[in-house]
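Colleague: Can you walk me through this one? I'd like to begin with a single residue and work outwards.

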Amino acid sequence: MASRGASLALAALLLVSCVSVAAATKYTVGDASGWTTSGDYATWASGKKIKVGDTLVFKYAGGAHTVDEVSAADYAACSSSNALSSDSAGSTTVTLKTAGKHYFICGVAGHCSSGMKLVVDVAAAKATAPAPAPAAVAPAPDAADTTPDATPTTTTPKSPSSPGGATPKTTVTDISPPAKKSTSGAAGLGAAAWAGLGLAGLVAVHLGAF
């Protein structure tokens, strides 16, 4: 666990370093002309947006010139007696670590008064917004949680059984309307009776005639 934490810290440090290096700008003083007595360094610096972390590279003939960083008062007086730093190697790189104005002159007599002097106004570096933390990934649900619920079954209740186990009989009541009585038989019977009476009367009349 500790080794993992150390690895993460080292990775973060490397990332910050890479961002810082990528954001820094390198300026060659005087561009192609370099650091000479004929340069116009006030014009050269006027269009630059220099910030903390940027570097200035002075190119010149080694031993013929110097690069001296001085105070504002020594800059105005072209004096390098109290120089903050000095170099005469022929290629001098200065990393600007603080915001504000920085003053440079050539310490060789007569060169500063000839225009071999530079002042740069260094702006504070802008804070870089930290990268957003990766979104947390929700853990995958367990296999048991993804199993669909069993389909509920419906049980039909059984009819209650008789004490002996036999299924009770169900009495069905016929509620059909009563059948109509036929009147044709009665009508036929009445007609036959009248016919018989009529026949008997004829027989009686016939017998009386004799």
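Modeller: Start with E69, keeping in mind that the model is predicted. E69 is buried, yet it has no salt bridge.

Colleague: Which side chain of opposite charge is nearest to E69, and how far away is it?

Modeller: That is K97, at 9.8 Å. A salt bridge needs a side-chain nitrogen of Lys or Arg within 4 Å of a carboxyl oxygen of Asp or Glu, so K97 at 9.8 Å does not make one with E69.

Colleague: Where is E69 found?

Modeller: In strand 3, which covers residues 67-70.

Colleague: And what is E69 in contact with, leaving aside its neighbours within four places in sequence?

Modeller: A83, L84 and S85, then V94, and also H102, Y103 and F104.

Colleague: New topic. How do strand 6 and strand 7 run, parallel or antiparallel?

Modeller: Antiparallel, with six bridges joining them. Strand 6 spans residues 100-105. One of the pairs puts K101 opposite D121 of strand 7 as its bridge partner.

Colleague: Which residues of strand 7 are on its covered face?

Modeller: L118, V120 and V122. The uncovered face has K117, V119 and D121, and D121 is the partner of K101.

Colleague: Zooming out, how many helices and strands does the chain have?

Modeller: Five helices and seven strands. From the N terminus the order is α-β-α-β-β-α-β-β-β-β-α-α.

Colleague: What share of the residues is buried?

Modeller: 18% of the 210 residues. The chain exposes about 15,600 Å², and carbon and sulfur atoms supply 63% of that.

Colleague: What about contacts across the sequence?

Modeller: Among contacts with a separation of 6 or more, 68% are between residues 24 or more positions apart.

Technical notes
Residues numbered from 1 in each chain as written. Predicted model: local features only at pLDDT ≥ 70, side-chain atom pairs only at ≥ 80, totals over all residues. Heavy atoms only, no water. Helix = DSSP H or I, 4+ residues; strand = E, 2+ residues; numbered from the N terminus. Buried < 20%, exposed > 50% of the residue type's maximum accessible area, 1.4 Å probe, protein only. Contact = heavy atoms within 4.5 Å. Areas by Shrake-Rupley, 256 points an atom, 1.4 Å probe, with all protein chains shown as cover. Pairing = 2+ DSSP bridges. Lys, Arg positive; Asp, Glu negative; His and termini not counted.
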